[in-house]
Amino acid sequence: MGEPSLVTTSLEEEERRLITALEQIVISLEVKKNFGDESRKIFADLGTRLINISGSADSRAIEVNEEDDDDDERFHEIEHQLNIILAKISSFEEKSVVWGSASHEAYDYLNDIEEAHRLMKTLESRDYEDYTLLDLADDVLQIGMARLEDEFWSLLVQKPQTFEPEEPSFRSTEEDLIDGGSIVSSQDDTLEYVEGRRDSTDGSSEEYVTELVDPDVIPFLRMIANLMFGSNYGCECSNVYTSVRRDALDECLCDLGMEKLSIEDVLKMEWEDLDSVIMKWIWAIKHFVQVQLVSEKSLAYQIFGDIESVCNACFFESSKTSILAFLNFCESICISPCRPEKLIRVLMMYEALAYLIPQIDSLYSFDSGLFITTKCRYVLGILGDYSRSIFLEFFKAIASSSSENVKAGGGVHALTSYVMNYLKVLTDSRKTFDEVMKDLETRNHLKTEDHVDEESNITPTEKHFRSIITILECNLEEIISKLYRDEALRHIFLMNNIHYIAEKMKGPELVTILGDECIRKRIQKVHHQEMEYEKATWNSILAFLRDDGINYPLSNSASRTILNERLRSFNFAFEEVYRNQTGWTIPDTRLRDDVIISISLRVIPAYRSFLGRFGLLISEKHIKYSLDDLEEFLLDLFAGSHRSLYGGGKR
């Protein structure tokens, strides 16, 4: 071939001028104080290579032969283009790239780096033996990728998430106490139950995707990711993404009020504090899965959607720590001591997790995600096991409770109100209770009311609720009622407590589970205890008003003496009953009225008959009370305030 063309000569001249300019840039950048050692080294090496390139270019211009003119010209052009790209990239070290939908600068910047990668591939594919030029291409690409890595990080953290969930308010422990604060005291005072509010956490919101970064920069994040992965810098790209999003999810946990608690922290917490944390957990995990994780998966797909395996890996690595924090809290709860008041909360945790598992399965429906989905099912299983253990402890606590803190007037015992309100609250989790307790064997320690066939078609809730009520009644009859020395008061106590149980059964929460037949049986027991009370109290008193042992004719003095003594004894016994039983209590107004009416129907007719037959033979001083007096006095019974009768009047 002939002499080099004028075009080649001009290109060589332009290249020399460009190399000279780049050498000046390198010298200038090397002295900048804010440059790191690594960047300074790269540019120092680059300066040396530019000198070598300049020398080799001069040498090649002299020694070029006609046979290699075409290849040399092509590689010379590549060298020229790399130097131009390097100059452009270097100029951005002094300023920030403007990213946005209308930013030509950002597109140009990405195109330049992509061109550098293409040129390097061209050199590698043509087996070019001048490694100085290959090193230049590699350095240009390294500088560009390092800057892209920084820009990728900057864009990811550019805009924090704007969705701020409104945390529900939770009632304090004092506000949640059942019946104004009933606390059941057993031998070791372990039964302390606090009713919980479900309305703060009920109702699961729909999936909601929120913007985690500025939507205008999503296309650039996607282009940067594709470019970095296409240039064998995918590891650096995914590491940046994982780190940024993991930190963002950690902040999200803090925003949701979920601090990371160790097992020791959970075991040391007082129940009131732990109860509050559990309620936050139930609310927070629903938001975290349905909003945060859904948004995180969406973001990962928007950025890495072209490479699905990368998308799944980045989502998994960035979210794994946070979702495990929720699950680890459950495990910590389940190794703490079984206390009855925890059952409601644990069932709510079970219910929340069981509801979310299908969504979690969908989010982690890739190979590595199996770790999370398996862990969720494992935790769900131990929540179920722990619930069953708590229920058995609850049952045993009721059966063994022998608290001596009985009310003096025979009112409703704290254990009775505790258990019935406990069952009432459990009805809110009836479906979950059925699911968790279906495999719980009753064995000998779980009695079933009226020998209900274990194979009969009743739900686990009905079966276990009946068992609880049966063992409660056994405890009341066989242990607690015997703490009352007065037989009549013992029957008043049992009547009050069984009536309370029956009334709670009539409530809409329990009646659909236990049925009318259970209520009728309790009403029969109430009537039985009422009859036993009347026998214990009034049979002996009314015996004074019978005419047994009175000899006729009644005119003799012996008969008169007997009649006077009978009425005097009746008055004394009635006054004793009045003094004692006005201090007793029947809290239910209707039941109290029924009992008083039943007493009046026995006492008033007997007293009227006695005075009608023998009134003329009895000394007037022994007739202390009229029929109206007795009726009025009977109305004072079971009012819970002791009174006395003196001289025919009340005091």
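Of the 651 residues in the chain, buried ones make up 49% (buried is under 20% relative accessible area, exposed over 50%, partly exposed in between, with a 1.4 Å probe and protein chains only). This is a predicted model, where local features need pLDDT of at least 70 and side-chain atom pairs count only at pLDDT 80 or more, while totals for chains, interfaces and linings use all residues. Residues are numbered from 1 along each chain as its sequence is written, and side-chain values use heavy atoms, leaving out hydrogens and water.

Start with a cartoon view of the whole chain: you will find 21 helices and 2 strands (DSSP runs numbered from the N terminus, H or I of at least four residues for helices and E of at least two for strands).

Next, select Cys311 and Cys314. The closest cysteine sulfur to that of Cys311 is in Cys314, 7.6 Å away, which is too far for a bond; a disulfide is a pair of cysteine sulfur atoms within 2.5 Å. Cys311 is buried, at 0% relative accessibility.

Now move to Cys334 and Cys330. Here the sulfur of Cys334 has its closest cysteine sulfur in Cys330, at 6.6 Å, again too far for a bond. Cys334 is buried too, with a relative accessible area of 14%. The disulfide count by this rule is 0.

For a last stop, turn to the surface and pick Leu267 in helix α9, residues 263–268. Leu267 is partly exposed, with 43% relative accessible area. Add Ile263 and Ile335 to the selection: with Leu267 they form a nonpolar patch on the surface.

Notes. Patches are made of residues with over 30% relative accessible area and no salt bridge: like charges are joined within 9 Å, nonpolar side chains (Val, Leu, Ile, Met, Phe, Trp, Tyr) within 5 Å. Accessible areas come from the Shrake-Rupley method with a 1.4 Å probe; for residues, only the protein chains shown count as cover. A salt bridge is a side-chain nitrogen of Lys or Arg within 4 Å of a carboxyl oxygen of Asp or Glu.
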